[in-house]
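Me: I would like to learn how to read a structural model feature by feature. Could you take me through one, giving the general idea before each case?

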Amino acid sequence: MWYEQFERLCNENGTTPTAFVINVLKLSSSKVTAWKQGSIPKIEILQQIATHFNVTVGFLFDGKEKSLSPELSNDKRELLELFDLLSEKEQGIIIGEMRAMAREHTEAKNAETA
């Protein structure tokens with residue numbers, strides 16, 4: 001879950017999620033409670049968090065590929081722009097579907113090599 005990654009980044013940088021949300025993002029501390037319970041922030045907030053900690057937005061979800069990539073392909077840029085147009089709930093659905101697809105892909109790939 002993305003919140004655990006966020007909490008770990010805060011702890012590694014000498015802050016707490018609540019302090020970060022209030023002091024850096026300038027949001028209400030109630031966001032932390034919502035995020036702990038599974039809510040996913042809007043892409044703008046995720047980008048602010050990722051930029052602050054110098055990680056990718058993807059890293060917030062999977063813990064992989066920590067460093068920021070300076071360039072995005074046109075397809076990836078378009079994907080982010082389209083994703084940004086969705087509601088927070090719709091974004092959560094898309095992320096869930098993508099995770100399921102990635103798991104299926106990994107399982108199929110592992111089955112091929114076994």
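The dialogue below goes from the overall fold to the core, then to single side chains and the surface.

Me: Where should I begin, and how many helices and strands are there in the chain?

Reply: Begin with where the coordinates come from: this is a predicted model. Next comes the inventory of secondary structure, and here the chain has 7 helices and 0 strands, so that, in the sense of DSSP runs numbered from the N terminus, the pattern read along the sequence is α-α-α-α-α-α-α. The C-alpha trace spans about 50 × 30 × 30 Å along its principal axes.

Me: What share of the 114 residues is buried, and what share of the contacts is long in sequence?

Reply: Buried residues account for 25% of the 114 residues. If one takes the contacts between residues at least 6 apart in sequence, 47% of them join residues at least 24 apart. The chain exposes about 7,800 Å², of which carbon and sulfur atoms supply 53%.

Me: How do I read a nonpolar core, and which residues touch the most other members of the largest one?

Reply: The general idea is that nonpolar side chains tend to be buried together in soluble globular proteins. In this model the largest nonpolar core has 23 residues, and those touching the most other members are Trp2, Phe6, Trp35, Ile49, Phe53 and Leu60. At least two residues of this core come from each of α1 (2-12), α2 (17-23), α3 (30-36), α4 (43-53) and α5 (57-62), while α4 supplies the largest share, with 6 residues.

Me: Which residues is Phe6 in contact with, once its neighbours within four places in sequence are left aside?

Reply: With those neighbours set aside, Phe6 is in contact with Pro17, Phe20, Val21, Trp35, Ile49 and Phe53. Of these partners, Trp35, Ile49 and Phe53 also appear among the core residues that touch the most other members.

Me: Now a polar side chain: is Gln5 buried or exposed?

Reply: Gln5, which lies in helix α1, has a relative accessible area of 13% and therefore counts as buried, because the cut-off is 20%. A polar atom of the Gln5 side chain lies 3.2 Å from the backbone oxygen of Phe59. Apart from its neighbours within four places in sequence, Gln5 is in contact with Phe59, Leu60 and Gly63.

Me: How many salt bridges does the structure hold, and which side chains meet there?

Reply: The structure holds 1 salt bridge, in which the side chains of Arg8 and Glu12 meet at 3.0 Å, N to O. Since sequence spacing is worth checking in a helix, note that Arg8 and Glu12 are 4 residues apart in α1 and are therefore separated by about one helical turn. Arg8 is partly exposed at 35% relative accessibility, and Glu12 is partly exposed at 48%.

Me: Which residues make the nonpolar surface patch?

Reply: A patch of about 320 Å² is made by Leu79, Leu86, Ile94 and Met98. Leu79 has its place in helix α6 (residues 74-84) and, with a relative accessibility of 49%, counts as partly exposed.

Me: Finally, where is Ala100 found, and what separates it from Leu46?

Reply: Ala100 is found in helix α7 (residues 88-113), and its relative accessibility of 24% makes it partly exposed. Sequence separation and distance in space should be read side by side: Ala100 and Leu46 are 54 residues apart along the chain, and 21 Å separates their C-alpha atoms.

Terms used
Residues numbered from 1 in each chain as written. Predicted model: local features only at pLDDT ≥ 70, side-chain atom pairs only at ≥ 80, totals over all residues. Heavy atoms only, no water. Core = buried A, V, L, I, M, F, W, Y, C linked by side-chain atoms within 4.5 Å. Buried < 20%, exposed > 50% of the residue type's maximum accessible area, 1.4 Å probe, protein only. Contact = heavy atoms within 4.5 Å. Patch = residues over 30% accessible without salt bridge, like charges linked within 9 Å, V, L, I, M, F, W, Y side chains within 5 Å. Areas by Shrake-Rupley, 256 points an atom, 1.4 Å probe, with all protein chains shown as cover. Salt bridge = Lys/Arg side-chain N within 4 Å of Asp/Glu carboxyl O. Polar contact = N/O pair within 3.5 Å; in protein donor to acceptor, adjacent residues only side chain to side chain.
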